[in-house]
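Let's take a walk through a protein model and look at the spaces inside it. Keep the 3D view open and turn it as you read.

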Amino acid sequence: MLPLSRPDLLLSDAFLAGRPHAGAERFAVTNPATGALLAEVTDCTPEDAAQAIEAATQAQRDWARQTGKARAAILRRWHDLVIAHADDLATILTAEMGKPLAEAKGEILYGAGYIEFYAEEAKRLYGETLPGHQSDKRLIVLRQPVGVVGAITPWNFPNAMIARKAAPALAAGCAIVVKPAAETPLSSLALALLAQEAGLPDGLLSVLPSTWAASIGQEFCDNPRMRKISFTGSTNVGRILMRQGAAQIKKLSLELGGNAPFIVFDDADLDAAVEGCLLSKFRNAGQTCVCTNRIYVQDAVHDAFVAKLAAAVAALPVGDGFAPGTAIGPLISPAAVEKVRDHVSDATAKGATLVTGGAAHALGGTYFQPTVLSGVTAEMAVAREETFGPLAPVFRFQTVDEVLAAANDTDFGLASYVYTGSLSRSWQVMEGLEYGMVGVNTGLISTELAPFGGIKQSGTGREGGRQGIEDYLELKYCCLSV
Ligand code: NAP
């Protein structure tokens, strides 16, 4: 039994059009740290998805007609309820996902930031008037909601990935049907209940836990009432949705995988760079899309950086997310552990040096030792693939041109990081990196205030900032002859 002040926030029925939906089948949600059963949740079917889309279509018409101020008031109340129940939401999140409780609480507050931000933006969906092309013409551009939106989200941020989509969608006047990751549906169900308590009308936010991801994705793509899909997850599934959505020219926002470089120049503050690297690489045990995947260190400071990084990494406390002081929790699944192990063995077989870690943790289960490799080269799998685990591979470089070419030599373009003491070099590298986001002398860049997103095969669309609501709005140009 989880220690919750509101035990009713732990829902096991789907949340379909404002009502609990028990369904015919259920599936188990377990704690990755212990394997303990948390809940048997409804296993929603594509028919349930069709029903949720129908209810959303009905509800969205009225919602779009409400004033932005009225929508803002409900979103604001939702934000306040999330903050009021942040401890319970964090407990549910750590239990189903494994991340340390303090990080889980950070995620709840981060997610709430999007709800607050878009509550404010709901009042500012300004259109435009344009100078006419003839003296009797008046030209107006309206910004109107896209309609019903489908959201498909991953397990690594079970709360924030929903908030980042639902808040701008609802603020814009859309309705949203969410298919959360099968591993972590409980955080999204709790969020939906709090939205209802905030006064959100039934049907505008449905949450459908399911093990039928592919068929639900297909229903989202095939159902003409579903006007847009916002997906966060792997590039591979993003590609499938793009292909499936082609028949109806479905609008898509895709937040996909990354392969973030972290560049340390010889004029950088090395202690700050190590600290930034720990945050960027080892947050959520390395399981974030913006996690550093490749660390490039300039020759003159390479050995000193590796020594400092290895000492800090070896000291990271590994354990259950609920244990005080834990910095690294379990990985989400045995398959995730296998991927880290494969990347370590591929690199060492091709000549990399194991500096610290490198094996399963003594705690067993899906715990893996925080690991540092040096002597890593472009031929190794870690250079091309997202590890999504606690493995820090260090490459050596000499010149700016060399490191920019290496950093950009990937199909991905989500987050990137650079540490340098030089302003001109910061600009040079910021402009030269082919990424949607660049952190300069910081390893933490995510905020609701800025447009988060990637280029190349890391996706399309942005979440956060004033730009983030554009994904949920259509432009309508009206020409009046007066
Ligand atoms: P995933 O396998 O792509 O799963 C993401 C979601 O898609 C889950 O809800 C999953 O359902 C669902 N899904 C799986 N197959 C599908 C299909 N054929 N059609 C429709 N939906 C389908 O990704 P993951 O392994 O959970 O998450 C890790 C990936 O997400 C990493 O690549 C990471 O970089 C990326 N990510 C990106 C961002 C970003 O903002 N760019 C943020 C976080 C994570 P099931 O759970 O049932 O499989």
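**Spaces, domains and one lysine**

Start with the enclosed spaces: the count comes to two cavities of 30 Å³ or more. A cavity here is a set of points, on a 1 Å grid over the protein atoms alone, where a 1.4 Å probe fits but cannot get out. Grid points are joined across faces, edges and corners, and a volume is the space filled by probe spheres set on the points. Before going on, note that this is a predicted model, in which local features need pLDDT of at least 70 and side-chain atom pairs count only at pLDDT 80 or more, while totals for chains, interfaces and linings use all residues. Residues are numbered from 1 along each chain as its sequence is written, and side-chain values use heavy atoms, with hydrogens and water left out.

The largest cavity has a volume of about 50 Å³. Its lining includes Phe 15, Gly 18 and Leu 205, and helix H6 (residues 186–197) gives the largest share, three residues. Helices (H or I, at least four residues) and strands (E, at least two) are DSSP runs, numbered from the N terminus. The second largest cavity holds about 40 Å³ of space, and among the residues around it are Gly 258, Lys 281 and Phe 388.

Now zoom out. The domain assignment, which is automatic or from a database, gives domain 1 (7–256 + 458–481) and domain 2 (260–447). Their C-alpha centres lie 31 Å apart. Each side brings residues to the contact (heavy atoms within 4.5 Å): 24 from domain 1 and 24 from domain 2.

Where does the largest pocket lie? Domain 1 and domain 2 both give residues to its lining, so the largest pocket lies between them. A pocket is an open set of grid points with protein on both sides within 12 Å along at least five of seven lines, and lining residues have an atom within 4 Å of a point. The largest pocket offers about 940 Å³ of space. It's lined by 40 residues, with Trp 155, Phe 231, Gly 233, Ser 234 and Val 237 nearest its centre. Helix H8 (235–245) is one of the elements that give two or more residues to this lining; in fact, H8 gives the most, with seven.

The second largest pocket has a volume of about 290 Å³. Of its 17 lining residues, those closest to the centre include Glu 107, Tyr 110 and Arg 283. Helix H4 (101–121) and H5 each supply at least two residues, and H4 gives the most, with five. This pocket also lies between the two domains, because both give residues to its lining.

Finally, look along helix H5 (residues 160–172), where you'll find Lys 165. Is Lys 165 buried or exposed? Lys 165 is buried, with a relative accessible area of 0%; buried means under 20%, exposed over 50%, and partly exposed in between (1.4 Å probe, protein chains only). Its side chain makes polar contacts with the side chains of Thr 232 (2.7 Å) and Glu 463 (2.7 Å). A polar contact is a pair of N or O atoms within 3.5 Å; within protein, one must be able to donate a hydrogen and the other to accept it, and residues adjacent in sequence count only if both atoms are side-chain atoms. Not counting residues up to four places away in sequence, Lys 165 also touches others, including Ala 151, Phe 231 and Tyr 472.
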